[in-house]
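Thanks for coming. I will go through one structure today, starting with a small backbone detail and then moving on to metals, a sheet and charged pairs.

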Amino acid sequence: MKAGVLYGKQDFRIEERPRPSAGPNQLVVKIEYAGICGTDVEFYKIGMVPAPLPMVLGHENVGTVVEVGEGVTDFKVGDRILCGPPSACEQMCPSCRRGETNVCIYGFPKTAGIGGPDGGFAEYFLVRDVAHTMLVKIPDNVDPKDAVLFDVICVSLHGVRKSRFKVGDNVVVSGTGPIGLAAIQFLKVGGANKIIALGTNSEKEPLLKKYGADYFINARECKDIGNEIKKILGSPVGADVVFECAGNMESLSNCIYQCVKPGGQVVVLGTIQEPMNIVPGSFSIFEPDIQFSFVYTEEEVRIYLDMLAAGKISFPGMVTDIISLDECVEKGLDRKDRRGQLKILINPNL
Ligand SMILES: [Zn+2]
Ligand SMILES: [Zn+2]
């Protein structure tokens with residue numbers, strides 16, 4: 001079978017490997033789609049993963065079970081499943097005991113496609129430890145192209161659930177990529193009053209409005225974001241809850257200094273890899289509550305699939321390209337026109 005393997009910095013190769021077979025407590029899944037995540041692009045750029053290289057990338061996977069190992073009772077051949085980060089760890093750490101597997105102290109580096117060695121950028125994918133991997137059956141009426149978006153959309157779902165957002169709140173969502181778009185939709189479904197999207201690409205305005213944003217502010221062009229928000233809200237103060245979904249310091253700084261009302265909440269969904277350049281004393285006098293949010297739980301993946309199956313949410317336009325394994329670098333990991341792209345999927349059968 002073909003597999004996409006990361007060897008090092010900008011060294012990603014498509015190679016021929018033997019098709020895996022399932023040992024005890026294992027499954028083999030024929031991959032239908034694997035999503036390319038920002039994390040994969042980062043791994044490719046820096047040539048590092050939380051595991052020894054080489055490694056098959058791909059942690060956003062959907063496919064069909066084709067082989068079931070001895071001792072597996074929850075799955076059978078033909079089941080359509082998605083495969084995410086590990087579920088509860090073997091050690092049952094304090095986080096996992098509380099059901100907060102997203103902050104498991106052992107789990108994240110064990111995720112297939114992140115902590116190695118097998119990922120979904122391949123025709124077949126070996127689930128090495130069924131009991132400790134997030135495997136969820138996909139409802140029959142859910143399109144696999146929607147199911148595979150779980151990794152990005154559940155980040156938004158978790159962030160909104162982690163927040164103290166309530167019906168009727170005015171909100172700002174900073175960042176207009178897939179996480180920002182999905183957050184907008186959940187806030188709309190959740191009954192937000194005014195939803196203001198803050199971004200740097202005005203071409204996205206129609207899509208943002210389709211997802212539920214009432215207003216769009218271009219953060220690069222607007223001279224006084226704080227004042228513009230107050231004008232929209234018809235209020236001397238900013239939004240009740242603000243969601244940072246862009247993953248950079250400029251956005252976080254806007255959220256804290258320009259967007260949130262005194263005593264309001266900023267929820268940080270983006271993974272910001274820059275040093276903090278904010279001065280706590282300059283905003284602590286307004287007592288904003290700053291809440292970090294990290295990935296999602298299996299329960300939230302199930303909620304996502306249920307809501308999709310019931311038609312309560314939909315993500316039109318989210319998948320902007322479907323590519324083959326051979327196109328993985330040029331049209332995926334090293335794509336030049338990234339700005340116009342939302343989610344790129346790999347179909348290993350192309
Ligand atoms: Zn991801
Ligand atoms: Zn744990």
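**Loops, zinc sites, sheet and salt bridges**

Gln10 sits in the loop that connects strand 1 (2-8) with strand 2 (11-16). Before I go further, note that this is a predicted model. Gln10 is not a glycine, yet its phi is positive, about 50 degrees. As background, most residues other than glycine have a negative phi, and most peptide bonds are trans. With a relative accessible area of 47%, Gln10 is partly exposed.

A second residue of this kind is Glu287, again not a glycine and again with a positive phi of about 50 degrees. Glu287 belongs to the loop between helix 9 (280-283) and strand 14. Its relative accessibility is 63%, so Glu287 counts as exposed.

While we are on the backbone, there is a cis peptide bond from Leu53 to Pro54, with omega near 0 degrees. Pro54 is placed in the loop between helix 1 and strand 4 (55-56).

Now the metals. Which protein atoms are the donors of the zinc ion, ligand 1? They are Cys37 (SG), His59 (NE2) and Asp151 (OD), at 1.8 to 2.3 Å from the ion. Along the chain, these donors are spaced as C-x21-H-x91-D. Cys37 is in the loop between strand 3 (27-36) and helix 1 (38-46), while Asp151 is in helix 4, so the pair ties together parts 114 residues apart in sequence. Cys37 and Asp151 are both buried. Please keep in mind that water is not among the atoms, so sites may look incomplete.

The other zinc ion, ligand 2, has cysteine donors: Cys89, Cys93, Cys96 and Cys104, each through SG, at 2.3 to 2.4 Å. Their spacing along the chain reads C-x3-C-x2-C-x7-C. What is the geometry of this site? The site is tetrahedral, the angles among the four donor atoms being 101 to 113 degrees. For reference, the ideal angle for four tetrahedral donors is 109.5 degrees. Of the cysteines here, Cys89 and Cys93 are both buried.

Next, the sheet. Six strands make an open sheet with parallel pairing, and the order is 11-10-9-12-13-14. At the edges are strand 11 (215-218) and strand 14 (289-292), each pairing on one side only. On average, and with direction ignored, neighbouring strands in this sheet are turned by 20 degrees against each other. The Glu287 loop that I mentioned earlier leads from helix 9 to strand 14, one of those edge strands.

Within the sheet, strand 9 (residues 171-174) and strand 10 (residues 195-199) run parallel and are joined by four bridges. Val171 faces Ile195 of strand 10 across this pairing. Helix 5 (residues 178-189) lies across strand 9, strand 10 and strand 12 (239-244), and it runs at about 165 degrees to strand 9.

Last, the charged pairs. How many salt bridges does the structure hold? There are 23. I will take three pairs and one network.

The first pair is Arg161 with Glu299, whose closest N and O atoms are 4.0 Å apart. This pair links distant parts of the chain, since Arg161 is in helix 4 (residues 150-162) and Glu299 in helix 10 (residues 298-309), 138 residues apart. Helix 4 is also where Asp151, the zinc donor, is found. Arg161 has a relative accessibility of 44% and therefore counts as partly exposed.

Another pair is Glu228 with Lys231, where the closest N and O atoms are 3.6 Å apart. Both residues lie in helix 7 (residues 225-233), three residues apart, which is about one turn of the helix. Is each residue of the pair buried or exposed? Glu228 is partly exposed at a relative accessible area of 27%, and Lys231 is exposed at 62%.

The third pair is Glu298 with Arg302, at 2.7 Å between the closest N and O atoms. Glu298 and Arg302 are four residues apart in helix 10, so about one helical turn separates them. Glu298 has a relative accessible area of 18%; the cut-off for buried is under 20%, so Glu298 counts as buried. Arg302, at 40%, is partly exposed.

As for the network, Lys76, Asp79 and Lys137 are joined into one by salt bridges that share partners.

That is the end of my list; I will take questions now.

Methods
Residues numbered from 1 in each chain as written. Chains lettered and ligands numbered in written order. Predicted model: local features only at pLDDT ≥ 70, side-chain atom pairs only at ≥ 80, totals over all residues. Heavy atoms only, no water. Donors = N, O, S within 2.8 Å, 3.2 Å for Na, K, Ca; no water. Tetrahedral: all angles 85-135°; square planar, octahedral: opposite > 155°, others 65-115°. Buried < 20%, exposed > 50% of the residue type's maximum accessible area, 1.4 Å probe, protein only. Pairing = 2+ DSSP bridges. Helix = DSSP H or I, 4+ residues; strand = E, 2+ residues; numbered from the N terminus. Axes fitted to C-alpha atoms, helices over the stretch in contact; angles between N-to-C directions. Contact = heavy atoms within 4.5 Å. Salt bridge = Lys/Arg side-chain N within 4 Å of Asp/Glu carboxyl O.
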